[in-house]
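Welcome! Take a moment to turn the model around on your screen, and then let us walk through it together.

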Amino acid sequence: MEIRLRNYMEDVVSYNLDAVVRAAGGCTCETCRMDVMAIALNQLKPCYVVTKKGEVYARTGELAMQNAADVISAITKGAEIVGARPCHPEEEDAQE
């Protein structure tokens, strides 16, 4: 059975990313999404877990609730930074 080390915060940020970026009026193209995610993750404390392939995280809900405000704040800040200076040509802008 494969055992993996994973930064759980990547999952939490990824799960919330699109909704928060849209609410902030940001672009949801892949380049901007990844830039926002990188900025947000650099602001958040990592939370490493060891998982077995296919195993559900036992503390997923608990961690998400405890960190929800910090995660939303970090993503919003990232969206503002990226929105001010996006790294894609204007024609790729996915903002609606």
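What does the accessible surface of the chain come to, and what share of it belongs to carbon and sulfur atoms? The surface comes to about 6500 Å², and 51% of that belongs to carbon and sulfur atoms. Keep in mind as we go that this is a predicted model.

Let us start with the overall layout. The chain contains 3 helices and 2 strands, and if you follow the sequence from start to end you meet them in the pattern β-α-α-β-α. Of the 96 residues, 28% count as buried. Now think about which parts of the chain meet each other. Among contacts with a separation of 6 or more, 87% are made by residues 24 or more positions apart.

Next, look inside. The largest nonpolar core has 20 residues, and those touching the most other members are Val-13, Leu-17, Val-21, Val-36, Leu-44, Val-71 and Ile-75. Helix H1 (8-23), helix H2 and helix H3 (60-84) each give at least two residues to this core, with H1 providing the largest share, 7 residues. Val-36 is a good place to zoom in. Leaving out residues up to four places away in sequence, Val-36 touches Leu-17, Val-21, Ile-75, Gly-78, Ala-79 and Val-82.

Now stay with helix H2, which spans residues 30-43 and includes Arg-33. Is Arg-33 buried or exposed? Arg-33 counts as buried because its relative accessibility is 14%, under the 20% cut-off for that label. Beyond its neighbours within four places in sequence, Arg-33 is in contact with Leu-17, Asp-18 and Thr-28.

Asp-35 also has its place in helix H2. With a relative accessible area of 25%, Asp-35 is partly exposed. Set aside the neighbours within four places in sequence, and you will find Asp-35 in contact with Val-82 and Cys-87. Try finding Gly-78 as well: Asp-35 and Gly-78 are 43 residues apart in sequence, yet their C-alpha atoms are 7.6 Å apart in space.

The cysteines deserve a visit too. A disulfide is a covalent bond between the sulfur atoms of two cysteines. How many disulfides does a search of the whole structure find? The count is 0. Why is Cys-29 not bonded to Cys-27, which has the closest cysteine sulfur? Their sulfurs are 3.6 Å apart, so they are too far from each other for a bond; the pair would have to lie within 2.5 Å. Cys-32 is in no disulfide either, and the nearest cysteine sulfur, that of Cys-29, is 3.7 Å away. Both of these residues are tucked away from the surface: Cys-29 is buried, with a relative accessible area of 10%, and Cys-32 is buried, with a relative accessible area of 1%.

Finally, let us come back to the outside. Which residues form a nonpolar patch on the surface? They are Ile-3, Leu-5, Tyr-48 and Val-50, and together they have about 470 Å² of accessible area. Strand S1 (3-7) and strand S2 (48-52) each supply at least two residues of this patch. Ile-3, which lies in strand S1, is exposed, with a relative accessible area of 57%. So as you turn the model one last time, compare exposed Ile-3 with buried Cys-32.

Note on methods:
Residues numbered from 1 in each chain as written. Predicted model: local features only at pLDDT ≥ 70, side-chain atom pairs only at ≥ 80, totals over all residues. Heavy atoms only, no water. Helix = DSSP H or I, 4+ residues; strand = E, 2+ residues; numbered from the N terminus. Buried < 20%, exposed > 50% of the residue type's maximum accessible area, 1.4 Å probe, protein only. Contact = heavy atoms within 4.5 Å. Patch = residues over 30% accessible without salt bridge, like charges linked within 9 Å, V, L, I, M, F, W, Y side chains within 5 Å. Areas by Shrake-Rupley, 256 points an atom, 1.4 Å probe, with all protein chains shown as cover. Salt bridge = Lys/Arg side-chain N within 4 Å of Asp/Glu carboxyl O. Core = buried A, V, L, I, M, F, W, Y, C linked by side-chain atoms within 4.5 Å.
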